[in-house]
Amino acid sequence: MELFIFLGTLFFFLAFGIPICLVLVLCAMVLMWHSGMWDAMIIPGSMLDGANNYPLMAIPFFVFAGEIMAAGGLSKRVVQLAQLMIGRVRGGLGYAAVVASIIFAGLMGSSVGEAAALGGLLLPMMKEVGYKPGRAGAVIASGAILGPIIPPSTNFILLGATISGLSITKLFMIGLVPGILIGLALMVVWFFVVRKDGYNETITFTREEKWKILIDSTPAFLMPVLLLGGIRFGVFTPTEGGAFAAIYAIVVCVLYYRELSFRELLRVSARAATTTSVVMLIVATATAVGWFITIAQIPNQMTALFSPLIDSPVLLLLCINVFLFLIGMVMDLTPNILIFAPVFYPLITQAGIDPYYFGLLFILNLGIGVITPPVGTVLYVVCGIGNIKITQLIRNLVPFILVEVVMLFLLLFFPKLSLIPLDWLMGGK
């Protein structure tokens, strides 16, 4: 009963367009009233406990680092490096967009930030050489889902902070190889798009330009290598890695590239603080809902609902992923993680499913939601930057979304595609 009250309340208030943080507070109040535990201090106390979580300290650091890189010239050099790597192929700008998405994911860990940065740089260039606006926007939007998968992902940080006992380092590592595979799959789609639409443009550089791009982009390329290497080999924790990323970004953009003044750094800090405050407010309110979800034994009800499938892990995962895909279409990634991870993890633990493998499927599935209507946040970012009609973008996104769903189900039916690389990356730990 409590499960249906919670879901009904959630979608009822969402239908009125109420901001998600207020919806979560209202859901908590409804559950509190239903449970007969009316106490004005429970919700604010739970919110404070939710925000007071050490692993979550990594989020403001990575958000700050991402804002610095977007404003300090690092983004531009990543795009140039991607163009140098694959721009000579027919339809090179589209391939470069996917390669840049892979590199950017290792720098920013955010789908919206990645779409905004790459869209601002690449969309004008792609339109200039004759790309259809919808096609250009589609390849950039589809690559943005790599942000939540390839480390350092703020979404994996949220998941690790929400579910006790999960190592954020292992969550980071399990996303690396599947993220690259999805990027390669997007390139295969672009291969056929190029031939269907008749794009012929290539990008070439002189020897001097190549050397300049390589030298300029080396600091940008080194950052994810140093960051992931440091986290993997225990030089620093993911939270300390976030601080390292922020300091590294300041040193490179302010002192090396010299494209970010100290006054601009203050404006970047203000933007990062605003973004972080929004995320942390959602975290706090979702924690309050989570407290009542636990008290109402909703995870146990979910387990009972899916109990006939516990002996068939693949069928169980299939049903959960269909549910998550539908939820991802109507609600954003962050609240979905905070609300549904505590609900499903007891179930998959009882079914004997690897928690890190499920975490990968969970984040990838909900990540696809950021590019699916009606609430796909990345869709509106790309449309706003490129002045593209939403219907035009969605129509051109269909083949890219289909291949991402195919990759999701490949990972679901063949767990070793993610678990073997994880074991290798972690050295059998």
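**Entry 1: terms and overall fold**

I count as a helix a DSSP run of H or I with at least four residues, and as a strand a run of E with at least two, numbered from the N terminus. I am working with a predicted model. I looked up the secondary structure of the protein chain first. It comes to 20 helices and zero strands.

Next I checked the overall dimensions. The C-alpha trace spans about 70 × 45 × 45 Å along its principal axes. Is the radius of gyration what a compact globule of 429 residues would have? I noted 21 Å for the chain, which agrees with the value near 22 Å for such a globule.

I then looked at burial and contacts. Of the 429 residues, 56% are buried. Among contacts with a separation of 6 or more, 78% are between residues 24 or more positions apart. The accessible surface comes to about 17,700 Å². Carbon and sulfur atoms hold 69% of that surface.

**Entry 2: cysteines**

How many disulfides does the chain have? I count zero. Cys21 is in no disulfide, and its nearest cysteine sulfur belongs to Cys27, 12 Å away. The cut-off for a disulfide is 2.5 Å between sulfur atoms, so the Cys21 and Cys27 pair does not qualify.

I also checked how covered two cysteines are. Cys21 is buried, at a relative accessible area of 17%. Cys253 is buried too, at 0%.

**Entry 3: salt bridges around Lys76**

I searched the whole structure for salt bridges and found seven. One of them pairs Lys76 with Glu259, at 3.5 Å from N to O. This pair links distant parts of the chain, 183 residues apart. Lys76 sits in helix 5 (residues 74-86). Glu259 sits in the loop between helix 12 (238-256) and helix 13 (262-295).

Are these partners buried or exposed? I find neither extreme: Lys76 is partly exposed at 35% relative accessibility, and Glu259 is partly exposed at 32%.

I followed the links from here. Lys76, Arg77, Lys212, Asp216 and Glu259 are joined in a network of salt bridges.

**Entry 4: Asp197 and its two partners**

I turned to Asp197 next. One salt bridge runs from Asp197 to Lys132, with the closest N and O atoms 3.8 Å apart. Asp197 lies in helix 10 (residues 168-197), while Lys132 lies in the loop between helix 7 (111-128) and helix 8 (133-143), so this pair ties together parts 65 residues apart in sequence.

A salt bridge also joins Asp197 and Arg135, at 2.7 Å from N to O. Arg135 is in helix 8 and Asp197 in helix 10, so the pair ties together parts 62 residues apart in sequence.

I looked up how covered these residues are. Asp197 is buried at 17% relative accessible area. Arg135 is buried at 9%. Lys132 is partly exposed at 44%.

**Entry 5: a nonpolar patch**

I looked for nonpolar side chains on the surface. Val314, Val406, Leu410, Phe413, Phe414 and Leu417 form a nonpolar patch there. Together they have about 500 Å² of accessible area.

Which helix gives the most to the patch? I find that helix 19 (residues 390-413) does, with three residues. Leu417 is found in helix 20 (residues 416-425). Leu417 counts as partly exposed, at 36% relative accessibility.

**Entry 6: unusual backbone**

I ended with the backbone. Most residues other than glycine have a negative phi, and most peptide bonds are trans. I looked for exceptions.

A cis peptide bond joins Pro151 and Pro152, with omega about 5°. Pro152 is in the loop between helix 8 and helix 9 (154-162).

Arg258 is not a glycine, yet its phi is positive, about 60°. I place Arg258 in the loop between helix 12 and helix 13. Glu259, the salt-bridge partner of Lys76, is in that loop as well. Arg258 counts as exposed at 70% relative accessibility.

Asn387 is not a glycine either, and it has a positive phi of about 50°. I find Asn387 in the loop between helix 18 (377-386) and helix 19. Is Asn387 buried or exposed? It is exposed, with a relative accessible area of 73%.

Technical notes. Residues are numbered from 1 along each chain as its sequence is written. This is a predicted model: local features need pLDDT of at least 70, side-chain atom pairs count only at pLDDT 80 or more; totals for chains, interfaces and linings use all residues. Side-chain values use heavy atoms; hydrogens and water are left out. Buried means under 20% relative accessible area, exposed over 50%, partly exposed in between (1.4 Å probe, protein chains only). A salt bridge is a side-chain nitrogen of Lys or Arg within 4 Å of a carboxyl oxygen of Asp or Glu. Patches are made of residues with over 30% relative accessible area and no salt bridge: like charges are joined within 9 Å, nonpolar side chains (Val, Leu, Ile, Met, Phe, Trp, Tyr) within 5 Å. Accessible areas come from the Shrake-Rupley method with a 1.4 Å probe; for residues, only the protein chains shown count as cover. The radius of gyration is taken over C-alpha atoms; the globule rule is 2.2 Å times the number of residues to the power 0.38. Contact means heavy atoms within 4.5 Å.
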